[in-house]
Amino acid sequence: MQNNEVLLKVEHLCQYFRLGRKDLKAVDDVNFEIKKGESFGLVGESGCGKTTTGRSIIKLYNITSGNVYFKGERIGAGIRSYQDAISKARAEASKKIKALRAETDASSVRKAQIQEEIKKINKELGEVVDKNRALIRGAKSSSKDVDKRYVESLLKALKAEYDQKFASAAGNSAMLASLKKEYKSRCHVAKKSKLITQIQMIFQDPIASLDPRMTVRDIIAEGLVIKGFTDKNYINQKVYDILEMVGLVREHADRYPHEFSGGQRQRIGIARAVIMEPEMIIADEPVSALDVSIQAQVINLLNDLRQRLGLTILFIAHDLSVVKYFSDRIGVMYFGKMVELADSDELFKNPLHPYTKSLLSAIPLPDPVYEKQRTRIIYNPIVEHDYSVDQPSFREIAPGHFVHCNDAEEKKYKQQLK
């Protein structure tokens, strides 16, 4: 069940991709928190940055700037902004030095001044480079330090657990030998563990995300093998248990992905994530490629797993009606930015941002009379907003209800909620 403990915190997340000399700002300064046991919905039109946000959190992409915290530990830190700062400083210093050296007709006094100015520029450049290199080293080493602390905590917990077992088995040499073997095996697994594996991902395309050359058994068990498990009987039993948990049967373990329907393939993808016993799952549009009848089954399966295993879920989708059913809170993204964030019921009852209103107006209802009268709201950011003077930011309009707006819009939105 949901509590007030923050499991995941995303802070000023930016993910830019190079397009020639320009940057494509796929995700631009996104902030949100997900509490333990919560289902957090992330919605928006195709290309708004939802999937990129999920992939950046799980470190499939190296983020440009910002921080990602999981269980209070920083698991992601952007270093490209520091690298860009170094490149920019070098380019500016080179330009200044080139301009100074172009003064060919300078007097001897001026030449001495030029040399002093060049030394000063190089000194300032060195300070900028050293500062940003230190930040890069800190960002890179923090990930290693997090994993080191995580492994130490696992080994400490295992030692405390098995010290008691060893004490109770004293005098029974056979049981003691068995326990020592088990302890050694679990320590081996713990040493290979990483904190990031506590977050798993279910991918959008159930076909492309499964290796066609691997059996279902190998696909689901791959994470356990990487983690260090070597007992084949244990791995097989774990695979069978997970297959049954997601609505498949153990006979499916020896088949290949092409032998299954789209819904069954997505269940295999869910099993692959769940077998790692994660605390959090990022579900990247897990039902968008499926038939409507199968969508309901997969959504109900995720809901059941969430309740049974105490999972926290980041649910990415573009279907607001599905997200409302599944999510406790919803964040709305547009053009790489988070434009509104609120509780599910609150967002549907009091949408404030024009883009959120536009998305809600597009939801069809199985009522022909209503559908004839339904008016679509078209969102045009140029018409809706004037940010020429007063720049927007992500602000709390009401308790738990955040909107991307400027001062004038904030005042208007607060009036609407009265």
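**Exercise 1. The cores**

Find which members of the largest nonpolar core touch the most other members.

*Solution.* Start with the term: a nonpolar core is a set of buried Ala, Val, Leu, Ile, Met, Phe, Trp, Tyr and Cys residues joined through side-chain atoms within 4.5 Å. Buried here means under 20% relative accessible area, with exposed being over 50% and partly exposed in between (1.4 Å probe, protein chains only). The largest core has 52 residues, and the ones touching the most other members are Ile220, Ile268, Ile270, Phe315 and Val332. There's also a second, separate core of 29 residues, with Ile34, Phe40, Val68 and Ile282 among them. As background, nonpolar side chains in soluble globular proteins tend to be buried together.

Before going on, keep in mind that this is a predicted model: local features need pLDDT of at least 70, side-chain atom pairs count only at pLDDT 80 or more, and totals for chains, interfaces and linings use all residues. Residues are numbered from 1 along each chain as its sequence is written, and side-chain values use heavy atoms, with hydrogens and water left out.

Now zoom in on one of those residues. Contact means heavy atoms within 4.5 Å. Skipping neighbours within four places in sequence, isoleucine 270 is in contact with Ile202, Val246, Val298, Leu301, Leu302 and Leu305.

**Exercise 2. The whole chain**

Work out how many helices and strands the protein has, and what share of its residues is buried.

*Solution.* Helices (H or I, at least four residues) and strands (E, at least two) are DSSP runs, numbered from the N terminus. Counting that way gives 14 helices and 12 strands. Next, burial: 44% of the 418 residues count as buried. For extent, the C-alpha atoms fill a box of roughly 95 × 70 × 45 Å along the principal axes. Finally, take the contacts with a separation of 6 or more: residues 24 or more positions apart account for 64% of them.

**Exercise 3. Helix H6, end to end**

Check the span of helix H6 against the expected value, then say what its buried residues pack against.

*Solution.* The expected span of a helix is 1.5 Å times one less than its number of residues. H6 has 14 residues (232–245), so it should span 20 Å, and the end C-alpha atoms are indeed 20 Å apart.

Look at the ends next. At the start of H6, a side-chain oxygen of aspartate 231 comes to within 3.0 Å of the backbone nitrogen of asparagine 233. After H6 comes glycine 247, with a positive phi near 95 degrees.

Then the buried residues: Ile235, Lys238, Val239, Tyr240, Ile242 and Leu243. These pack against helix H5 (216–227) and helix H7 (262–274).

For the H5 pairing, fit axes as lines through C-alpha atoms, for helices over the stretch in contact, with angles running from 0 to 180 degrees between N-to-C directions. H5 and H6 then pack at about 115 degrees, with their axes 10 Å apart. From H5, the contact uses Val216, Arg217, Ile220, Ala221, Leu224 and Val225, while H6 brings Ile235, Asn236, Lys238, Val239, Tyr240 and Leu243.

**Exercise 4. Helix H11**

List what covers the buried residues of helix H11.

*Solution.* First, the count: seven of the eight residues of H11 (354–361) are buried, so the helix is largely enclosed by the rest of the structure. Those seven are Pro354, Tyr355, Thr356, Ser358, Leu359, Leu360 and Ser361. The cover includes helices H9 (320–326), H10 (344–349), H13 (381–384) and H14 (407–417), plus strands S9 (329–334) and S10 (337–343).

**Exercise 5. Two strand residues**

Decide whether histidine 404 is buried or exposed, then place phenylalanine 394.

*Solution.* Histidine 404 sits in strand S12 (residues 401–405). Its relative accessibility is 13%, so histidine 404 counts as buried. Not counting residues up to four places away in sequence, histidine 404 touches nine residues' worth of partners listed as Lys337, Met338, Val339, His353, Tyr387, Pro392, Ser393, Phe394 and Glu409.

Phenylalanine 394 lies in strand S11 (residues 393–398). With a relative accessible area of 27%, phenylalanine 394 is partly exposed. With the same sequence exclusion, phenylalanine 394 touches Asn31, Met338, Val339, Glu340, Leu341, Phe402, Val403 and His404.

Technical notes
Polar contact = N/O pair within 3.5 Å; in protein donor to acceptor, adjacent residues only side chain to side chain.
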